[in-house]
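Me: I want to go through this model by its strands, cores and charged pairs. Please keep the answers short and give the cut-offs.

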Amino acid sequence: MSRIGRNPITIPAGVTVSVTGLDVTVAGPAATMTRRLPEGITLVQDGDVLTVERAAETTELKSLHGLTRTLVANMVTGVTTGWTKELEIIGVGYRAAAAGPSAIDLALGFSHPVKFTAPEGVTFEVPAPTRIVVKGPDKEIVGQVAANIRKIRKPEPYKGKGVRYLGERVLRKAGKAAK
């Protein structure tokens with residue numbers, strides 16, 4: 001049995017989970033999320049504890065067992081506290097400015113400012129001109145939005161300028177050696 005898949009998911013107070021067929025809906029104080037389960041994977045609810053079970057011992061279902069448990073646990077966390085991803089901007093003249101709760105303007109050394117609009121459910125905070133906080137209930141979407149912002153100007157290896165995750169280490173290369 002999967003080590004991750006057999007762990008139960010505790011449902012906190014204020015969160016409701018409903019399973020209809022293959023669809024799982026998790027509703028909480030922050031949001032409501034829905035996901036479709038793979039064929040052969042079922043959720044069993046016993047009070048405030050969810051367990052994920054598989055119908056057979058096939059290789060495919062074994063691999064989906066732990067994945068499904070993690071995805072449902074991420075949904076429960078997302079509707080209660082939400083997910084955040086922090087980015088930092090490094091470079092002279094590089095900065096971010098909020099243009100509403102779901103849009104930011106980025107000055108990243110291009111000849112024009114870059115306007116980035118978030119998908120539905122994702123919000124931005126700009127606590128400092130060199131810091132961006134991406135927030136939302138869906139961990140996958142928050143991570144993808146942060147990756148898309150980082151992709152606009154990746155950190156370069158010579159001076160380290162660009163957009164990086166908070167705490168990310170960028171390996172620096174030595175420049176040309178003078179003779």
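Me: Which residue in β4 stands opposite Thr25?
Reply: This is a predicted model, so local features need pLDDT of at least 70 and side-chain atom pairs count only at pLDDT 80 or more, while totals for chains, interfaces and linings use all residues. Residues are numbered from 1 along each chain as its sequence is written, and side-chain values use heavy atoms, with hydrogens and water left out. Five bridges join β3 to strand β4 (residues 32–36), and the two run antiparallel; strands pair if DSSP finds at least two bridges between them. Opposite Thr25, in β4, stands Thr34.

Me: Which residue stands opposite Thr25 on the β2 side?
Reply: Strand β2 (residues 16–20) pairs with β3 over five bridges, in the antiparallel sense. Strands here are DSSP runs of E, at least two residues, and helices are runs of H or I, at least four, numbered from the N terminus. The hairpin of β2 and β3 has two residues between the strands, and Gly21 takes a positive phi near 65 degrees. The residue opposite Thr25 is Ser18.

Me: Which side chains of β3 point to the buried face?
Reply: In a regular strand the side chains alternate between the two faces of the sheet. Strand β3 (residues 23–27) shows this alternation: Asp23, Thr25 and Ala27 point to one face and are not buried. Buried means under 20% relative accessible area, exposed over 50%, and partly exposed in between (1.4 Å probe, protein chains only). The buried side chains on the other face are Val24 and Val26.

Me: Which element gives the largest share of the largest nonpolar core?
Reply: A nonpolar core is a set of buried Ala, Val, Leu, Ile, Met, Phe, Trp, Tyr and Cys residues joined through side-chain atoms within 4.5 Å. The largest has 20 residues, and Val17, Val26, Leu43 and Leu50 have the most contacts inside it. β3, β5 (41–46), β6 (49–54) and α1 (59–80) each give two or more residues. The largest share, seven residues, comes from α1.

Me: What is the geometry of the aromatic pair Phe116 and Phe124?
Reply: The structure holds one aromatic pair. Rings of Phe, Tyr and Trp (its six-membered ring) pair if their centres lie within 6.5 Å; planes under 30 degrees apart count as stacked, over 60 as edge-to-face and the rest as tilted. Both Phe116 and Phe124 are buried. Their centres are 6.1 Å apart with 65 degrees between the planes, so by these cut-offs the pair is edge-to-face.

Me: Arg36 forms a salt bridge with which residue?
Reply: A salt bridge is a side-chain nitrogen of Lys or Arg within 4 Å of a carboxyl oxygen of Asp or Glu. Arg36 lies in β4 and its partner in β3, so the pair ties together parts 13 residues apart in sequence. Arg36 counts as exposed at 56% relative accessibility. The closest N and O atoms are 2.8 Å apart, and the partner is Asp23.

Me: How many residues apart in sequence are the parts that Glu140 and Arg35 tie together?
Reply: Glu140 forms a salt bridge with Arg35, the closest N and O atoms being 2.5 Å apart. Glu140 is partly exposed at 48%, and Arg35 is partly exposed at 24%. Glu140 lies in helix α2 (residues 139–152) and Arg35 in strand β4, so the parts tied together are apart in sequence by 105 residues.
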